[in-house]
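Please walk me through this model in a viewer, one selection at a time. Tell me what to pick next and what is found there.

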Amino acid sequence: MSGFSDSISESDETVLSDKTGGTVGTVIRSHAGGYLVYQPELDINLLCQARGRLKKEGVSIVTGDRVTLDDVDPEKGKGVITSCLERENLLSRPLLANVDQVIIVQAIHQPDWNALVCDRYLVHFQLEVRSSLPVLCFNKSDLASEDDKKTLRSIYEPLGYLVTIVSAITGEGMDGLANLLVSKATVFAGPSGVGKSTLLNRLDPELRLKIGVMENDFGVGRHTTTSSELYRISKQQLKGLGVDEESIAWIADTPGFGLSEFKHPEPLDLVWQFPDLAKFAVDCKYSDCTHLVEQGCNVLANLEQIDPTRFDNYSIMVKESQSEKS
């Protein structure tokens, strides 16, 4: 997938400019009063209004959308949105388009890592962003033993998940985390108490004001963890974390999820969101198997090769899905 800073490929941009006479930018904040759009060639943010035709046609523009611009005035920092390009994906909460990756933040201790919560987040964001597996970021490594860290890696890395272990307090692993963000729009997600805000502020201390209540460019106060907004990590801060100074990185925060807000696929489809079960389910002789009680099920025949906690979590989520669909 192309990086976020490359709002559109050079070849596509040429074609687009021929048709519209405009340029391309990415919405980094949307609001009833307008849109804040990042334009990469000029490397500036522009306050933009949508052309009246788009409103009449009911075109919805959200944070993360790649849009074409006209009447760009760099001195006044303004422009007009003329069209919205096709989306690669759309997150439902927060409402955010064209996400490159999701980093799921969990604490190792305080609060103790919860395997069921972790798997709920994995399934939810695998369904939301199908183009890339979520990254697992385990925070508060300063409170964890080496055995704790090895256990977490041993569960998830064999399944194909990238695992990064960090401490927002000591800075352990922060350079590696920063490198994962380069040329991407990254959403950080996780339950309350895991140190997500502290982690974001460690990446860039200037985010501290942005994550709290502040007045935005439209003169409206809000709490940003309940709205959709992309924040750019400063090049100076990235350089301090060992990333090339010309790099660009964008991040978004998410509010915590209630149980009812996690996505569940159809009960029979949930197994495909668990790669450790899916590799056995593919050879199951039953096309309508829940992989819970069926005699002769290939998943059940290979339970000794599946982490018991993962299977228990799968079972809980299948039953929730069945209840939800009934």
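**Helix 4 and its two sides**

Asp147 and Lys150 are exposed, on the other side of helix 4 from its buried residues, which are Lys149, Leu152, Ile155 and Tyr156. Those buried residues span an arc of only 130° around the axis, so they sit on the same side of helix 4. Select them together with what they pack against: helix 3, strand 9, strand 10 and helix 10.

Before going on, colour by confidence, since this is a predicted model. The mean pLDDT of the chain is 87, and 87% of its residues reach 70 or more. Two stretches stay under 50: residues 1-21 and residues 212-226. For residues 1-21 the model has 37 contacts beyond four places in sequence, and for residues 212-226 it has 37 such contacts.

**The sheet**

Next, show the strands. An open sheet of 6 strands runs in the order 10-9-8-11-15-14, with mixed pairing. Its edges are strand 10 and strand 14 (231-232), each of which pairs on one side only.

Start at the edge formed by strand 14. Strand 14 runs antiparallel to strand 15, and 2 bridges join them. Pick Tyr231 and look across to strand 15, where its bridge partner is Ile251.

Then move to strand 8 and strand 9, which pair in the parallel sense over 5 bridges. One residue pair to label here is Ile104 with Leu136, its bridge partner in strand 9.

Stay on strand 9. How many of its residues are buried? The count is 5 of the 5, so strand 9 is largely enclosed by the rest of the structure. Both of its faces are covered: Val135, Cys137 and Asn139 are buried on one side, and Leu136 and Phe138 on the other.

**Contacts around Leu136 and Thr164**

Select Leu136 and display its surroundings. Beyond its neighbours within four places in sequence, Leu136 is in contact with Ile104, Cys118, Leu122, Tyr156, Tyr161, Leu162, Val163 and Thr164.

The last of these, Thr164, is the next stop. Thr164 is found in strand 10, and its relative accessibility of 11% counts as buried. Leaving aside neighbours within four places, Thr164 contacts Val135, Leu136, Cys137 and Phe138, and also Gly173, Leu177 and Leu180.

**The nonpolar cores**

Which residues touch the most other members of the largest nonpolar core? In this core of 33 residues, they are Val102, Phe125, Leu136, Phe138 and Tyr156. At least two residues each come from strand 2 (34-39), strand 8 (101-107), helix 3 (115-128), strand 9, helix 4, strand 10 (163-165), strand 11 (185-189) and strand 15. Helix 3 gives the most, with 4 residues. Apart from this core lies another, of 24 residues; Phe188, Val194, Tyr231 and Ile233 are among them.

**Aromatic pairs**

Now show the aromatic side chains. The structure holds 8 aromatic pairs. In one of them, the ring centres of Phe138 and Tyr156 are 6.2 Å apart and the planes are at 35°, so the pair is tilted. Phe138 belongs to strand 9 (residues 135-139) and Tyr156 to helix 4 (residues 146-156), so the pair ties together parts that are 18 residues apart in sequence. Phe138 and Tyr156 are both buried.

For another geometry, go to Phe274 and Tyr314, an edge-to-face pair with 5.5 Å centre to centre and 75° between the planes. This pair links distant parts of the chain, 40 residues apart: Phe274 is in the loop between strand 15 (250-253) and helix 9 (275-281), and Tyr314 is in helix 10 (residues 308-325). Both Phe274 and Tyr314 are buried.

Return to Phe138 and Tyr156 and add Trp113 and Tyr161 to the selection: these four residues form one aromatic cluster.

**Last stop: Ala281**

Finish in helix 9, where Ala281 has its place. Is Ala281 buried or exposed? With a relative accessible area of 6%, Ala281 is buried. Not counting residues up to four places away in sequence, Ala281 touches Val271, Trp272, His291 and Val299. To end the tour, draw a C-alpha to C-alpha distance from Ala281 to Asn298: they are 17 residues apart in sequence and 6.2 Å apart in space.

Conventions: Residues numbered from 1 in each chain as written. Predicted model: local features only at pLDDT ≥ 70, side-chain atom pairs only at ≥ 80, totals over all residues. Heavy atoms only, no water. Phe/Tyr/Trp six-rings, centres within 6.5 Å; stacked < 30°, edge-to-face > 60°. Buried < 20%, exposed > 50% of the residue type's maximum accessible area, 1.4 Å probe, protein only. Core = buried A, V, L, I, M, F, W, Y, C linked by side-chain atoms within 4.5 Å. Contact = heavy atoms within 4.5 Å. pLDDT = per-residue confidence, 0-100. Arc of directions from axis to C-beta. Pairing = 2+ DSSP bridges.
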